[in-house]
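Me: I am in my first year and still learning how to read a protein model. Could you take me slowly through one part of this structure, looking closely at its charged side chains and then at what surrounds that topic?

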Amino acid sequence: MILGKPIWRFALLALTILLLLSLAISEPTEKEIFDDEDSEGIEELLAVDDEAEQEQETHGKFSDAEVLTKAQRIVLELNSDSAKRVIEQNEYVLVLGYAPWCARSAELMPQFAEAANTLKALGSSVVLAKLDAERYPKAASGLEIKGFPTLLLFVNGTSQAYTGGYSAEEIVIWARKKTGVPVIRVNSVTEAEEFLKKHHMFAVGVFEKFEGPVYEEFVKTATADNEVQFVEVSNIEAARVLYPDIESSGFFLGIVKSEPERYAGYEGAFEMEKLLQFLDHNKFPLVTKLTELNSVRVYSSPIKLQLFVFAKAEDFKDLHEPLQDVARKFKSKIMFIYIDIADENLAKPFLTLYGLEDSEDTVVAAFDNQISSKYLLQTDATPANIEDFSSKFLQGSLSPYFKSQPVPDNQKEASIQVVVGKTFDDIVLNSPKNVFLEVHTPWCINCETISKQVEKLANHFKDLNNLVFARIDASANEHPKLQQVVDYPTLLFYPASDKANPIKVSAKSSLKNMAKVISKHVRSSDDAPKDEL
């Protein structure tokens, strides 16, 4: 018998009231909830809302926000009670330790949730979970979460550090590789086309048979690499869907990226170390945009010559394409990196190294990480100038850049001359006089006290014609002759006859002992005053 609409609604209302009453009579405690979870298994924690899935089938695709919300439900929210239990009850658990106030954690969260959704769709057994380390510090300490964000993979309860990238795709690739799926096999053109829809970057290996020494090196490389998805194929038509220029015979390895420089083929011997080196030099785009999430990968790149372009987003739009053309000429030799100059967290630390932290104009700079030298393009940032700068950078013919404050207006009668990077040679090294130099920084605790001591010394020796007192702020000025100075304050006496070998004067000495050192080394002893102060 079919109920009419009024009767059906009444029955539904009665059922709802009955359920509410039952909840009011007996509300389970938190402990009871966890006991129920233990008895029913971890599967309930991982369940996705079936009604939502049915709604998607009925009404079409979810919005991006709905997809993200659904994905976030798949990520377990750990606490002090559940963290240990979840890790012990699952073979693989990837844990994200975060703090609510951490900007990088906030940036990683949606990527982590999307990765959880993808892994579930792939049937992966990896459980993704997150822990608010600030709210549950004991649980975080027990898992050895010390910074934010921290990713740890627990395999049968034992943790290992996360070493992959931080996009959703990179998290999925890393998790699958570490849990036994280093290579995806594609058997047909249809599978190849579906694979292309899901992956932005991958390494494709083509083999007649999935066996033998060459294939084994390929699998070893796929397992050792932490960032690139590997795909293997023997069907040549399917292979050409992934990499159009593949030859029809032999074995092949190539990398595919979603950018103008889309394809790169490997031409060396199939040995794991050489294959990994090929991937390391080709996995980045021609011009990489630096973000909080990829910064570790960029800094650890084996390409040690790195050229940085700091520009406003709207200015970079016009420069991007011609910059790619320049980068293509130096591929695998110089890494080209773009940083939005408006992003203070990323741009300011770099620009401060050049004394350009307040710049709003486009800046082109370079670092040679092999010798820790930096360089600056001091002409307009045109493609032609950038190419010329890059060529000289590669050849090693650029002069290192040392930052300097503007040249100050030193008064001749001033007892202490202010030195900047640009005037160090003139005032200190090329001066025919003895120079007593104070090297200080604004943050130095003892510098203010020593500065007062130096002022007293300068006043005491003011009638000495062959002695100059000077000071330089090492935080804002650099010079190759000061690169060995790492402690502040540092006091250096440059004898007029031997500027190449300055004498270090202890900043812990008494004022009287400093005066004695100066008197001892001043050559014109006839003009030197007594060292009593």
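Reply: A good place to begin is R185, which counts as partly exposed at 41% relative accessibility. Please keep in mind throughout that this is a predicted model. The partner of R185 is E232, and the two side chains meet in a salt bridge with a distance of 2.7 Å from N to O. E232, unlike a partly exposed residue, is buried, with a relative accessible area of 4%, because buried means under 20% relative accessible area. Along the chain the pair links distant parts: R185 lies in strand β6, residues 183-186, and E232 lies in strand β8, residues 229-233, with their positions 47 residues apart in the numbering, that is, 47 residues apart.

A second place to look is E261, which counts as buried at 17% relative accessibility and sits in the loop between β9 (252-256) and β10 (263-265). The side chain of E261 meets that of R328 in a salt bridge, again given from N to O, at 2.7 Å. R328 belongs to helix α15, and this pair too links distant parts of the chain, 67 residues apart. With a relative accessible area of 31%, R328 is partly exposed.

E261 also meets the side chain of K331 in a salt bridge, here at 3.5 Å from N to O. Since E261 is in the loop between β9 and β10 while K331 is in the loop between α15 and β13 (335-340), the pair ties together parts that are 70 residues apart in sequence. K331 is partly exposed, with a relative accessible area of 24%. Salt bridges can also share partners, and in this way E170, E227, D280, K283 and R297 are joined into one network. A search of the whole structure finds 21 salt bridges.

Helix α15 leads on to charges of another kind of arrangement. The helix covers residues 313-329 and includes D318, which counts as exposed at 66% relative accessibility. D318 is one of the residues that gather in a patch of negative charge on the surface, together with E314, D315, E357, D358, E360 and D361.

From the charges we can turn to the aromatic rings, of which the structure holds 29 pairs. One of these pairs is formed by Y266 and F270, whose rings are edge-to-face, at 6.0 Å from centre to centre and with 65 degrees between the planes. Y266 is buried, with a relative accessible area of 13%, and F270 is buried as well, with a value of 11%. Another pair is formed by F330 and F336, and this one is tilted, at 6.4 Å from centre to centre and with 35 degrees between the planes. F330 counts as buried at 7% relative accessibility, and F336 is buried with a relative accessible area of 1%.

Finally, Y266 and F270 appear again in a wider grouping, in which F207, F210, Y215, F218, F230, F251, Y266, F270 and F278 form one aromatic cluster. If you return to the model with these names in hand, a useful route is to start from the salt bridge of R185 and E232, to move on to E261 with R328, and then to finish at the aromatic cluster that includes Y266 and F270.

Terms used:
Residues numbered from 1 in each chain as written. Predicted model: local features only at pLDDT ≥ 70, side-chain atom pairs only at ≥ 80, totals over all residues. Heavy atoms only, no water. Phe/Tyr/Trp six-rings, centres within 6.5 Å; stacked < 30°, edge-to-face > 60°. Buried < 20%, exposed > 50% of the residue type's maximum accessible area, 1.4 Å probe, protein only. Patch = residues over 30% accessible without salt bridge, like charges linked within 9 Å, V, L, I, M, F, W, Y side chains within 5 Å. Areas by Shrake-Rupley, 256 points an atom, 1.4 Å probe, with all protein chains shown as cover. Salt bridge = Lys/Arg side-chain N within 4 Å of Asp/Glu carboxyl O. Lys, Arg positive; Asp, Glu negative; His and termini not counted. Charge placed at Lys NZ, Arg CZ, Asp CG, Glu CD. Helix = DSSP H or I, 4+ residues; strand = E, 2+ residues; numbered from the N terminus.
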